[in-house]
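Please open the structure in your viewer and keep the selection tool at hand. The tour proceeds by stops, each with something to select.

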Amino acid sequence: MTLTEKDSQYLWHPYTQHKTSQTPIAISRGEGALLWDENNKEYIDAIASWWVNPFGHSNKFIADAIYKQLTTLEHVLFGGFTHEPAIKVAEKLMEILPKNQQKIFFSDNGSTAVEVAIKVALQYFFNKGEKRTTIIAFENAFHGDTFAAMAASGISFYTQAFQGMFIDVVRIPVPVKGQEQTSFEALENVIQHHNCAGFIFEPLVQGAAGMVMYEPEALDKLISICKENKVLTIADEVMTGFGKTGKTFAMDYVDADPDMMCLSKALTGGTIPMAITTFTQEIFDAFYDDDINKALFHGHTFTANPTGCAAALASIDLLQTDEMQSNIERINKNHLEFQKKIESHPKVITARTLGVIFAVEIKSDSEESYYGSMRTKLYNFFIENGVVLRPVGNIVYILPPYIMRDEQLQKVYKTIEEAIEMV
Ligand SMILES: *Cc1c(COP(=O)(O)O)cnc(C)c1O
């Protein structure tokens with residue numbers, strides 16, 4: 001049996017209707033921005049394997065750090081114990097996070113980072129004896145697939161089987177250009193009519209919605225409204241963190257600081273699943289008490305896994321090199337040039353860029369759904385041409401590893417141009 005045949009016998013894939021989906025491609029090797037399948041066909045990974053891989057596949061620097069850690073202390077429980085890699089990650093994050101972030105809590109993936117943040121927002125008020133149980137979130141948000149994260153997510157077909165089983169979430173419009181005032185008013189209205197504990201948002205870019213972008217000034221205003229009303233703010237930087245927007249964090253563009261931040265995806269350079277939720281001292285203090293019931297009773301078996309910590313440290317070191325920073329600028333320049341070229345195309349509705357993130361919306365005759373027919377046509381065209389891109393409906397986005405070379409990037413652009421002609 002081939003790998004693909006064995007796969008279909010045993011495996012259940014994410015976001016996949018196995019009856020109608022195509023068979024998956026078996027990848028046997030990756031290096032830099034490239035992947036090779038079992039037949040040695042080459043692909044450019046233009047979405048950094050779901051936004052996790054800034055420094056390239058099989059990165060030697062991170063691999064060495066992981067190996068060294070694996071042969072020193074691969075794992076130890078974090079309940080009652082601690083270790084240097086976790087402390088070093090915390091120290092490093094204190095240098096690069098917004099200054100008000102003072103405490104870090106480890107978990108395993110983006111969803112758990114969000115789950116922790118939402119539980120903390122709810123328990124913060126419980127501990128203070130205040131009844132606040134509503135979470136505010138954006139329309140079309142994506143915060144993950146565990147229950148509280150799903151509740152906060154607004155992409156409805158992901159969550160429709162579970163409606164009625166969620167914590168209380170109220171949605172407000174995203175403050176995209178022209179909609180800022182509507183969004184501000186909606187937030188004020190929600191806060192007036194509900195007992196709101198927290199507001200969770202993807203800062204500046206909504207990834208899974210199709211790289212929907214909005215301005216820092218608008219987010220600044222929304223956060224200020226929350227602060228005036230003592231609603232805790234949660235910046236979900238799981239996608240945007242570690243350089244994607246051109247700065248280390250999307251929140252670096254925003255004057256106001258959030259109360260909590262969620263990090264994962266690029267945290268370990270796309271090697272080991274790990275996540276972090278960060279907090280202000282004030283939030284931590286609301287759990288600090290002689291009463292054990294005020295503690296945060298949340299944890300995961302692999303919390304602060306030292307090997308993951310070693311990968312995170314190596315990744316942040318790489319991010320901070322001049323070489324990587326100039327790579328980010330180089331990709332941004334290329335994107336802006338391509339955007340200029342493509343946005344006047346008659347089949348293009350709009351194109352947008354922030355940092356290494358680029359998105360183009362293509363005109364469609366019919367209302368295009370998330371996994372609609374244009375999407376499938378585009379996806380297959382890209383794969384045939386050796387480019388990994390996963391359009392969201394009629395939106396094609398690029399989120400390349402920062403080390404992607406100019407000629408690889410040009411091939412991605414050219415393939416997108418050809419695809420636009422084709423559909
Ligand atoms: C991917 C993502 C998540 C969920 O992360 P997982 O590791 O897939 O659980 C949460 N929030 C945002 C903004 C994301 O992009």
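The stops below visit strands, a helix, salt bridges and a surface patch in this predicted model.

**Stop 1: an open sheet.** Select β1, β2, β3 and β15. These four strands form an open sheet in the order β1-β2-β3-β15, with mixed pairing. β1 and β15 (387-388) stand at the edges with a single partner strand each, so one side of each has no neighbour in the sheet. In general, the strands of a sheet pair through backbone hydrogen bonds, either parallel or antiparallel. Next, select residues 34-37 and 42-45: strands β2 and β3 run antiparallel and are joined by three bridges. Leu34 has Ile44 in β3 as its bridge partner.

**Stop 2: a hairpin.** Select β13 (residues 348-354). Five of its seven residues are buried, so the strand is largely enclosed by the rest of the structure. Add β14 (residues 357-362), which pairs with β13 in the antiparallel sense over six bridges. Val348 stands opposite Ile362 in β14. Two residues lie between the strands of this hairpin, and Gly355 takes a positive phi near 60°.

**Stop 3: the two sides of a helix.** Select helix α3 (residues 60-70). Which of its residues are buried? They are Ile62, Ile66 and Gln69. These residues cover an arc of only 65° around the axis, which puts them on the same side of α3. They pack against α4 (84-96) and α11 (306-319). On the other side of α3, Lys60, Tyr67 and Lys68 are exposed.

**Stop 4: salt bridges.** The structure holds eleven salt bridges, and this stop shows some of them. Remain on α3 and select Lys60 and Asp64, whose closest N and O atoms are 3.0 Å apart in a salt bridge. Both lie in α3, four residues apart, about one turn of the helix. Lys60 counts as exposed because its relative accessibility is 59%, whereas Asp64, at 42%, counts as partly exposed.

Move to α4 and select Lys92 and Glu95, whose side chains meet in a salt bridge (3.8 Å, N to O). Lys92 is buried, with a relative accessible area of 16%, while Glu95 counts as exposed at 52% relative accessibility. Add Asp317 to the selection: Lys92, Glu95 and Asp317 are linked in a network of salt bridges.

**Stop 5: a surface patch.** Finally, select Met1, Tyr10 and Leu11, which make a nonpolar surface patch of about 390 Å². Leu11 lies in the loop between α1 (3-10) and β1 (27-31).

Key:
Residues numbered from 1 in each chain as written. Predicted model: local features only at pLDDT ≥ 70, side-chain atom pairs only at ≥ 80, totals over all residues. Heavy atoms only, no water. Buried < 20%, exposed > 50% of the residue type's maximum accessible area, 1.4 Å probe, protein only. Pairing = 2+ DSSP bridges. Patch = residues over 30% accessible without salt bridge, like charges linked within 9 Å, V, L, I, M, F, W, Y side chains within 5 Å. Areas by Shrake-Rupley, 256 points an atom, 1.4 Å probe, with all protein chains shown as cover. Salt bridge = Lys/Arg side-chain N within 4 Å of Asp/Glu carboxyl O. Arc of directions from axis to C-beta. Contact = heavy atoms within 4.5 Å.
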